[in-house]
Each structure stands twice: as C-alpha cells, then as structure tokens.
Amino acid sequence: MLRTQPVQTPFTKPWFAACRSGRLLIQHCRACGHYQFYPRTFCTNCSTTEQPAWVEAQGAGTVASFTIVHRAVSEAYNAPFIVALVDLEEGPRMMTHLVNCDPEVVHIGMPVRVAFESWSEDVDMPVFAPQAA
C-alpha cells in the first residue's frame, strides 16, 4: 500500500527532483538573505516579489518538538512513528518523520541529519535521523 502522495507542481518540481537525488533544497532570498521552507513565490521576510532561489541545505538540524503516533491511519504507515518539527541550521522549520530513532530516546534539542525515504517510484521524501555523536 502506498503512502499518501504529495502533489507535485511545476513550481515544486525542482524540490522533488532534488529529493530524488538525495539533496534537500530550501529557498534563499537574494534581496535580504532570508532562508525559508516551504516553497513560496515571494520572501516571507522582506516580501520582495523576486522569487527566492533554490539552494542546498546542509541537512543538519535539531528537534524543536515531536509527537509519537501509536495508531497509524492506514497500513502504509508502521506505528509507532515519530512526527517532528526540525529546525534546520539555516533557520527554517520543517515538519517531518524521525527514523532510526527509538521513541523512548527522542528529545527536544536532539541533533538530527536528513535522510530520504522512498514513498513511491516517483517520490522520495526527506526524513531525519539522529545525528551520530
């Protein structure tokens, strides 16, 4: 059974293509230097109408918040799993899954690193795993 698939648009196509190649892209405003995620056609900091550029993120961050899901919505998701908010080193916050992490040890402030999980033949999604000490 497939997981719920995200809708790809011409605007988000570069992001999905980068994920397929194991790279995490975020946007960077050329006018004010602000980094942002999720993709938008304008800067959320200075509101310039110049579309922010796609740049590769370092892929490192820390857990800002999390919840442990004990009852999956379908057989496509193996419970328990961890849904987390991760603050990237560049500044943006992403909602994601934590993988390769015991739910009993996850904690706010935990250093994590991006990995990619195949959701279908066409979609790889960024997930995060505990960063090796």
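Trainee: Which residue in β2 is the bridge partner of His28?
Mentor: Tyr35. Keep in mind that this is a predicted model.

Trainee: And what stands opposite His28 in β3?
Mentor: Ala53. So His28 has Tyr35 as its partner in β2 and Ala53 opposite in β3.

Trainee: Which residue of β2 stands opposite Gln27?
Mentor: Gln36.

Trainee: Back up a bit. How many bridges join β1 and β2, and in what sense do they pair?
Mentor: Two bridges, antiparallel. Strand β2 covers residues 35–36.

Trainee: How many residues lie between β1 and β2 in the hairpin?
Mentor: Six. Look at Gly33 in that turn: its phi is positive, about 85°.

Trainee: Now the other neighbour. How many bridges link β1 and β3?
Mentor: Four, again in the antiparallel sense. Strand β1 spans residues 25–28, and β3 spans residues 53–56.

Trainee: What holds paired strands together in general?
Mentor: Backbone hydrogen bonds, in either a parallel or an antiparallel arrangement.

Trainee: What is the strand order in this sheet?
Mentor: The order is β2-β1-β3. It is an open sheet of three strands with antiparallel pairing.

Trainee: Why is one side of β2 and of β3 left without a neighbour in the sheet?
Mentor: Both stand at the edges, and each has a single partner strand, so one side of each has no neighbour in the sheet.

Trainee: Where do side chains point in a regular strand?
Mentor: They alternate between the two faces of the sheet.

Trainee: Let's zoom out. How many helices and strands are in the protein chain?
Mentor: One helix and eight strands. Along the sequence, the pattern runs α-β-β-β-β-β-β-β-β.

Trainee: Why call the chain as compact as a globular protein of its length?
Mentor: Its radius of gyration is 15 Å, and the globule rule gives 14 Å for 133 residues. Those values are close, so the chain is as compact as a globular protein of that length.

Trainee: What box do the C-alpha atoms fill?
Mentor: Roughly 45 × 30 × 20 Å along the principal axes.

Trainee: What share of the residues counts as buried?
Mentor: 39% of the 133 residues.

Trainee: And the surface: how much belongs to carbon and sulfur atoms?
Mentor: 52% of an accessible surface of about 7700 Å².

Trainee: What about contacts between residues 24 or more positions apart?
Mentor: They make up 50% of the contacts with a separation of 6 or more.

Trainee: Last topic, charge. How many positive and negative side chains are there?
Mentor: The chain has 9 positive and 12 negative. The centres of the two sets lie 6 Å apart.

Definitions and conventions: Residues numbered from 1 in each chain as written. Predicted model: local features only at pLDDT ≥ 70, side-chain atom pairs only at ≥ 80, totals over all residues. Heavy atoms only, no water. Pairing = 2+ DSSP bridges. Rg over C-alpha atoms; globule rule 2.2 N^0.38 Å. Buried < 20%, exposed > 50% of the residue type's maximum accessible area, 1.4 Å probe, protein only. Contact = heavy atoms within 4.5 Å. Areas by Shrake-Rupley, 256 points an atom, 1.4 Å probe, with all protein chains shown as cover. Lys, Arg positive; Asp, Glu negative; His and termini not counted. Charge placed at Lys NZ, Arg CZ, Asp CG, Glu CD.
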